Amino acid sequence: MEFSMLKGHSKLLMFIIGICCSLLLIVFSQGTLKAQSDSDYLDILGEGGMLIMTGLWLFFLLASRPHGRVTLLLAVGLSCFLMSCMLDLLDEFFSYPDKDFWLYWVESLPASIGMILMSWGLYLWHQEQVKLHQQLSRREAFYREHSLIDYVTQLYSAEYMRTHLAKLNRAGTPYSLAMLDINNFAAFNRQYSHLDGDRLLREVADIIVMNLRHADLACRYAGDRFILVLPDTCERETGEIITQIQTAINHLAFKPSRTGKAVYHKVSAAWQHMLAGSDIEDAIKQVNLKLEQAAN
Amino acid sequence: MKSLIQPDHKVIAAHHLPASLIDLAVSRGVSIDKLLRGTGIFKEDLAGSNHLISSQQFLQLITRAKQLIPGHDASFLLGQRILPGNFGYLSQALSSAQNCADFLTLLGRFKTQISPFLGCDSHTGQGYLTVYFYDIYGCKELYQFILNYSFTALHAGLKYLAQKRLPIEYYFTQQRPKQIQEYEQNLGLKINFSQPFDMFKIPLSALQQPCFCYSPLTRQYALQQTNKQVTPTTIVAQVQRLLNRYGPLTLEETAQHFKMSVATLKRKLKQHNTRYQNLLDNYYRLRVAQLLSEQPQTTEALAKQLGYSDLANFRRAFKRWFKTTPSELRLAFF
């Protein structure tokens with residue numbers, strides 16, 4: 001797992017830990033230890049579990065989100081909830097001077113404040129997701145599955161494209177399917193390095209995405225081959241867009257790390273218009289064959 | 001120089017194929033410590049000159065890499081990096097091969113210096129060279145990974161040296177995989193699944209395609225040096241070769257040939273997760289393929305040539321070899 005995000009939250013983490021410690025100190029100094037027979041083990045189990053789980057949630061929240069208002073709201077909300085859980089658990093072990101002692105009051109209040117903060121945070125998070133989704137369109141369609149993201153290009157894989165095409169089929173949308181292949185990619189890899197090859201793939205992927213329209217989707221098919229789907233687009237329009245992508249890639253002055261001298265690349269392309277409901281494997285195969293002929 | 005290896009013999013140079021695999025994993029974001037955990041290979045060993053690891057260790061490394069490298073293309077990416085590669089004199093000899101036929105001959109002879117897990121047999125007929133592949137090591141679930149990188153290496157190496165795509169057709173025993181795109185991308189569109197053999201076919205005319213680095217003197221010198229190096233082989237490969245030469249020997253005869261007891265031979269085969277009967281079956285499978293590809297035959301003629309006098313008996317054995325009947329196999333494959 002990757003925890004480098006946590007470093008950015010060190011101040012917030014210190015603050016939360018500080019408050020928890022001071023609460024613990026207050027409880028230890030003000031309360032008196034109960035006799036063991038008085039504690040209800042089922043309660044301890046339940047409340048202890050809540051405490052651990054809330055702690056885990058807080059940890060993963062901080063480990064997976066960068067700084068910002070949404071993160072802060074969610075973290076503070078969860079911390080309030082955490083405090084309530086902690087006090088709830090502690091009063092199984094400690095009894096306080098009288099029934100209206102202020103710690104009882106502290107025990108119930110933070111949880112509700114925390115819930116309100118988290119709800120506000122979730123609302124903002126929703127808005128953030130809408131924005132992020134706009135940013136991600138052309139790389140992502142209707143659903144999200146991080147295990148299908150290709151490591152090198154950060155595009156989705158061929159498997160994702162298949163599920164997306166199945167969705168288009170179900171919706172009855174006709175589409176154009178296109179494939180792009182970098183010419184002499186293997187030779188480039190041999191001449192320079194595989195690391196340069198990976199970097200080239202990443203940059204070409206970015207260029208492809210930049211040249212697509214909002215509803216289009218690009219995925220990495222395999223190796224140096226990309227697959228594009230353009231819904232509701234006729235063959236002529238697809239041809240125009242593909243030519244634009246090819247022109248853009250032709251002008252990419254890629255600099256391998258070893259020489260630093262620009263190397264230019266060409267891509268072969270093939271595309272075909274598909275009626276809604278065409279067999280997916282068949283469609284991919286057709287374009288694949290066309291591309292093979294175009295490349296030779 | 002041939003040398004019989006066992007799983008724990010240290011015969012593979014760590015800076016050859018294992019290093020390529022480690023490089024690949026690292027470039028895919030895998031931590032090297034995590035990758036090497038449990039393999040008995042250490043980071044320091046890799047830097048040292050000519051550190052050797054055992055084939056067992058290499059298989060463990062492959063297992064780890066397969067688990068840790070994201071995506072489904074690890075075997076193909078590795079294959080792209082192998083040939084002609086950095087295997088010293090062997091790579092030099094391969095690079096300076098005269099033509100594709102020469103390249104394949106050299107590779108067939110010395111392939112186990114690169115990766116000691118697969119054996120192969122070949123024959124020519126009806127305008128094609130056919131090369132069959134089988135496990136000579138007992139790789140179990142890693143077999144497919146190894147086959148994939150071997151085929152990819154061959155394909156990419158030939159394409160590089162011949163400077164053009166060759167019309168090679170690939171056949172796999174496995175069912176059509178979900179990641180078909182990786183196979184197409186790395187081996188071309190002529191690929192077939194659920195076949196009786198793992199093999200490839202190449203037209204004899206394509207074999208005459210010259211290699212662009214041909215250099216007779218370099219080739220000769222590098223070949224002399226390569227011959228001095230150890231070419232690992234396994235007992236499984238040895239037995240298979242013996243059977244190919246002398247026909248279906250019994251277990252006792254084979255043991256006698258290798259000057260070992262029947263029990264020792266059995267034990268040695270068991271180290272490679274196989275039994276003598278499996279090797280005999282493989283021998284028959286290859287014979288059937290050869291006979292059928294030379295000319296169409298009736299089941300009776302086939303049985304006779306393989307030394308079976310009883311047809312019912314032959315059909316039963318055939319079912320064991322191919323999981324199908326002679327007529328169905330002929331229809332589907334030849």
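These legends go with close-up views of a predicted model.

**View 1. The two domains of chain A.** Here we start with chain A, which the domain assignment splits into domain 1 (4-136) and domain 2 (146-295). Going by C-alpha atoms, the centres of domain 1 of chain A and domain 2 of chain A are 47 Å apart.

**View 2. The two domains of chain B and the contact between them.** Chain B also comes in two pieces, with domain 1 covering 2-231 and domain 2 covering 234-333. Their C-alpha centres sit 26 Å from each other. Domain 1 of chain B puts 21 residues into the contact, and domain 2 of chain B puts in 22 residues.

**View 3. Helix α12 of chain B and what covers it.** This one zooms in on α12(B), residues 235-246. With 12 residues at 1.5 Å a residue, α12(B) should span 16 Å, and its end C-alpha atoms are indeed 16 Å apart, so the two agree. Quite a list of its residues is buried: Ile235(B), Val236(B), Ala237(B), Val239(B), Gln240(B), Leu242(B) and Leu243(B). The cover over these buried residues includes strands β1 (2-4), β5 (128-135) and β9 (231-233), along with helices α13 (251-257), α14 (262-271) and α15, each from chain B. Just after α12(B) comes Gly247(B), with a positive phi near 85°.

**View 4. Helices α15 and α17 of chain B crossing.** Now for a helix pair: α15(B), residues 276-294, and α17(B), residues 311-322. Their axes come within 10 Å and cross at roughly 95°. An angle from 65 to 115 degrees counts as roughly perpendicular, and α15(B) and α17(B) are therefore roughly perpendicular to each other. On the α15(B) side, look for Gln277(B), Asp281(B), Tyr284(B), Arg285(B) and Val288(B). Facing them from α17(B) are Phe318(B), Arg320(B), Trp321(B) and Phe322(B). Sorted by type, the contact residues come out as 5 nonpolar, 1 polar and 3 charged.

**View 5. Cys100(B) and its surroundings.** Last up is Cys100(B), found in helix α7 of chain B, residues 100-114. With a relative accessible area of 0%, Cys100(B) is buried, since buried means under 20%. Setting aside neighbours within four places in sequence, the contacts of Cys100(B) are Leu158(B), Ala162(B), Leu166(B), Ala206(B), Leu207(B), Gln209(B) and Cys211(B). Don't look for Gly38(B) among those contacts: Gly38(B) is 62 residues away along the chain, and its C-alpha atom is 40 Å from that of Cys100(B).

Definitions and conventions: Residues numbered from 1 in each chain as written. Chains lettered and ligands numbered in written order. Predicted model: local features only at pLDDT ≥ 70, side-chain atom pairs only at ≥ 80, totals over all residues. Heavy atoms only, no water. Domains from an automatic or database assignment. Axes fitted to C-alpha atoms, helices over the stretch in contact; angles between N-to-C directions. Helix = DSSP H or I, 4+ residues; strand = E, 2+ residues; numbered from the N terminus. Parallel < 35°, antiparallel > 145°, perpendicular 65-115°, else oblique. Contact = heavy atoms within 4.5 Å. Nonpolar A, V, L, I, M, F, W, Y, C, P; charged D, E, K, R; others polar. Expected span 1.5 Å × (residues − 1). Buried < 20%, exposed > 50% of the residue type's maximum accessible area, 1.4 Å probe, protein only.
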